[in-house]
Amino acid sequence: MANLRFGVWNMEWMNDLFTDGPAFKDDDKKVRGPNPRNERDKPTVKDRRESLAGVLNEVDVDVLVVVEGPNKANELQLFFDTDINGTWACDVQPTKGGSQIVGIAVRTDKGHFSGNSFDRFHIGEGQGGESERLSNATTDFAIDTDDDDIRELHRFERLPLYAEINLIDGKKFRVVGLHLKSKGIFQAYEWSKWWSQADANRKKIVAQCTQLRLEFLDYYLTENSTRDIPLIICGDINDGPGQDASEKKLNVSGIERLMGTVWKPGLCLGNALFDALDDDDQWKINLSPIHTTSFKDPIFDNYRDVWIDHILYSRNRPKSWISNARVHEELPDGQMVWRKHRYASDHFLVTVDIDTDKL
């Protein structure tokens, strides 16, 4: 079989494109979304649809995990049926009272997948079976994030999407799509309050990563029923490698906690974008070449590049099955996304190639 291209993309306020029906809002309707730095006005529905579709049609993925997607599966299906090349099967993981949820789209017209291209395990619905452990892990939970003997109560704002991808030759792999707590602070506070909020946000991210690692991943990678099934954990983790100022107080990094611990090296996940660095950067652990979005610095008023979107993968195959990770800031024709498709998203699409012969 040929390689599959797997992608994850925070498509930024995609839910704003739709009205009940499902139907798209009028083309000229102003909606939330990326705002090029030299413009003040909001983009239109037409702007957003053309830009989002432009990126996906040029990069040409086979499986896509959608972050900040629409609230309903038929809305995501409408977008792919109307604007994206090929035929697709789509679904979303609902979150009660939540929006900007996580979805999945699988292209079905290239002959890569079985008739039932994927199965989504229903999280948080008490159905048991393969979803039970992840469902239990993502209900409200208490954990001591800062080692002060006080267990704080946490929750997941958006439930993870959990699916099994079914290939035409009978092989399978699984996907967990995440959108963890945002670090963004969008209100004006005096500095002590701002830092307090920043610290609280990091605690939440660390708690969510710890819960997923201890209550789902460690079991998935050791239990007889799942330990041999390849797994991708991906999404907008809202955390980069290493420790920022707030994480230094906690002495822990969320993404590194999710990837695993040196005390259990056999259960650690690989990070596809790190694998794609050149040998010198890997040797020095120089991660500065990688960024998946940017944010405006509240002090200096300039933009800072950050890496918060990740594709992690299990190492439970005899040979490496993930390769060629890329952040698509540049399109196949050499043009930059933010020039050609100005209203696509404030995050870049991240892709990897999956060698299905090694599954």
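Buried means under 20% relative accessible area. The structure treated in these exercises is a predicted model.

**Exercise 1. Classify C90 and C209 by accessibility, and state how many disulfides the model has.**

Step 1. The relative accessible area of C90 is 12%, under the 20% limit, so C90 is buried.
Step 2. C209 has 0% relative accessibility and therefore counts as buried too.
Step 3. A disulfide requires a pair of cysteine sulfur atoms within 2.5 Å. By this rule the count is zero.

**Exercise 2. Describe the largest nonpolar core and the surroundings of F173.**

Step 1. The largest nonpolar core has 34 residues. Those with the most contacts inside it are F6, I165, F173, I232, I311 and I354.
Step 2. The element that gives the most to this core is strand β10, residues 161-167, with four residues.
Step 3. A separate, second core holds 30 residues, among them W9, A53, V61 and I101.
Step 4. Now take F173, setting aside its neighbours within four places in sequence. Its contacts include F6, I165, I232 and I354, and also P230, W321 and L359.

**Exercise 3. Locate P230 and determine whether it is buried or exposed.**

Step 1. P230 sits in the loop between α4 (191-220) and β12 (231-236).
Step 2. Its relative accessible area is 3%, so P230 is buried.
Step 3. Beyond four places in sequence, P230 is in contact with K172, F173, R174, Y220, S314, N316, R317, W321 and L359.
Step 4. For one of these partners, L359, the separation along the chain is 129 residues, while the C-alpha atoms of P230 and L359 are 6.9 Å apart.

**Exercise 4. Find which residues of helix α2 are buried, what they pack against, and how D83 is placed.**

Step 1. Helix α2 spans residues 73-83, and its buried residues are E75, L76, Q77, F79, F80 and D83.
Step 2. These buried residues pack against one helix segment, α1 (45-59), and against the strands β2 (18-19), β3 (23-24), β4 (63-69), β5 (88-92) and β6 (101-107).
Step 3. D83 belongs to helix α2. D83 counts as buried because its relative accessibility is 16%.
Step 4. With neighbours within four places in sequence left aside, D83 is in contact with F24, R49, A53 and N57.
Step 5. With R49, the side chain of D83 makes a polar contact of 2.8 Å.

Conventions
Residues numbered from 1 in each chain as written. Predicted model: local features only at pLDDT ≥ 70, side-chain atom pairs only at ≥ 80, totals over all residues. Heavy atoms only, no water. Core = buried A, V, L, I, M, F, W, Y, C linked by side-chain atoms within 4.5 Å. Buried < 20%, exposed > 50% of the residue type's maximum accessible area, 1.4 Å probe, protein only. Helix = DSSP H or I, 4+ residues; strand = E, 2+ residues; numbered from the N terminus. Contact = heavy atoms within 4.5 Å. Polar contact = N/O pair within 3.5 Å; in protein donor to acceptor, adjacent residues only side chain to side chain.
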